[in-house]
Amino acid sequence: FDACRHGRIASQHELAAYTTCLATAVMDGIQYFIGNGHPYPRTPDRNLAVTGAHVTHMLRDMLEDLSAGLVNLPAEYVEAHAVDMKNVDMERLRPWVHEQVELARYCFRQGKTYIDSLDVLRCKLAGVWYCARFECILKAIEQDGYRLRTDYCVRRALKTWLEMVRPGLVVTWKHFTARKRSFFSRLSHPSRLNSKTDGPSYHFK
């Protein structure tokens, strides 16, 4: 997609389609490599966590991409606000950046709810840590007053990695607590011992 949009400004529809394809591929990849054979509900919030990550990714790389001839702003916004792509005024873009940050935050909240519903702990950990690496960038953008910069070294900082420990511990605790509750529930209702989990699952061969 980047090769196709190089040197031109993509529409909102094109950018949204790009995000949807990427989000689907990443979530399918998590299921293929980590959760193969386990239930994988196809609910509307399935890809939202990765959608939030890609929105954040586009913000993070905005200035770097501009120098490479890639525009992460939709054509409709550029035209409506008469944005000069040869000399971008980041102050004028702050409302749009704010809107994108809020969108990413919403996607992460809803998407992590879906991730937490999965059966495989490794999928949950991979998902929440994936989100955490991008959420730290959103925090930096918010602290900068929604002014973008060329480098976000915060994602490589020791503090960021330490902060990622907490969601991992929370997810692990909730996972085993739910498993324990389910186990004792099945013991008290023998008819449930042979029941199968509802929802589709993927078996790759």
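Helices α6 and α7 are roughly antiparallel to each other. In this predicted model, their axes come within 10 Å and cross at roughly 160°. That angle is over 145°, the cut-off for roughly antiparallel, and so the pair earns the description. The crossing of α6 and α7 is left-handed. On the α6 side, the contact is made by Val 97, Val 101, Ala 104, Arg 105, Phe 108, Lys 112, Ile 115 and Asp 116. Helix α7 answers with Cys 123, Lys 124, Gly 127, Val 128, Cys 131, Phe 134, Glu 135, Leu 138, Lys 139, Ile 141 and Glu 142. If you would like to find the two helices in the picture, α6 covers residues 90-116 and α7 covers residues 121-143.

**A second pair of helices**

Now turn to α2 and α3. Helix α2 spans residues 12-33 and helix α3 spans residues 48-60. Their axes lie 9 Å apart, and the helices pack at an angle of about 125°. This angle falls between the ranges for roughly perpendicular and roughly antiparallel, 115 and 145 degrees being the limits, so α2 and α3 are oblique to each other. Here α2 passes α3 in a right-handed crossing. Helix α2 brings Leu 15, Tyr 18, Thr 19, Leu 22, Ala 23, Val 26 and Met 27 to the contact, while α3 brings Val 50, Thr 51, His 54 and Met 58.

**The chain as a whole**

With two helix pairs in view, it helps to step back. The protein chain has nine helices and zero strands. Followed along the sequence, the pattern reads α-α-α-α-α-α-α-α-α. There are 205 residues in the chain, and buried ones make up 39% of them. The accessible surface comes to about 12,200 Å², with 58% of that belonging to carbon and sulfur atoms. Contacts also reach across the sequence: among those between residues at least 6 apart, 72% join residues at least 24 apart.

**Phe 108 and Ala 53**

Some single residues show how these helices come together. Phe 108 is found in helix α6, and its relative accessible area is 1%. A residue is buried when this value is under 20%, so Phe 108 counts as buried. Leaving out residues up to four places away in sequence, Phe 108 touches Leu 48, Ala 49, Gly 52, Ala 53, Thr 56, Cys 131, Phe 134, Glu 135 and Leu 138. The C-alpha atoms of Phe 108 and Asn 47 are separated by 9.8 Å, although the two residues are 61 residues apart along the chain.

Ala 53, one of the residues that Phe 108 touches, sits in helix α3. Ala 53 is buried too, at 1% relative accessibility. Which residues does Ala 53 touch, not counting residues up to four places away in sequence? They are Phe 108, Tyr 130 and Phe 134. Between Ala 53 and Tyr 130 there are 8.0 Å from C-alpha to C-alpha, with the two residues 77 residues apart along the chain.

**Rings that meet**

The count of aromatic pairs comes to three. In one of them, Tyr 77 and Trp 96 form a tilted pair, 6.1 Å centre to centre and with 50° between the planes. This pair links distant parts of the chain: Tyr 77 belongs to helix α5 (residues 75-80) and Trp 96 to helix α6, 19 residues apart. Both rings come from buried residues, with Tyr 77 at a relative accessible area of 14% and Trp 96 at 7%.

**Two more buried residues**

Gln 100 lies in helix α6. Apart from residues up to four places away in sequence, Gln 100 touches Val 55 and Leu 59. Ser 11, by contrast, is found in a loop, the one between α1 (2-5) and α2. Setting aside its neighbours within four places in sequence, Ser 11 is in contact with Pro 74, Ala 75 and Glu 76.

Here are some of the buried residues with their values.

| Residue | Relative accessible area |
|---|---|
| Phe 108 | 1% |
| Ala 53 | 1% |
| Trp 96 | 7% |
| Tyr 77 | 14% |
| Gln 100 | 15% |
| Ser 11 | 19% |

Ser 11 has a value of 19%, which is under the 20% cut-off, so Ser 11 still counts as buried.

Terms used. Residues numbered from 1 in each chain as written. Predicted model: local features only at pLDDT ≥ 70, side-chain atom pairs only at ≥ 80, totals over all residues. Heavy atoms only, no water. Phe/Tyr/Trp six-rings, centres within 6.5 Å; stacked < 30°, edge-to-face > 60°. Helix = DSSP H or I, 4+ residues; strand = E, 2+ residues; numbered from the N terminus. Buried < 20%, exposed > 50% of the residue type's maximum accessible area, 1.4 Å probe, protein only. Contact = heavy atoms within 4.5 Å. Areas by Shrake-Rupley, 256 points an atom, 1.4 Å probe, with all protein chains shown as cover. Axes fitted to C-alpha atoms, helices over the stretch in contact; angles between N-to-C directions. Parallel < 35°, antiparallel > 145°, perpendicular 65-115°, else oblique. Left-handed = near helix turned anticlockwise from the far one by under 90°.
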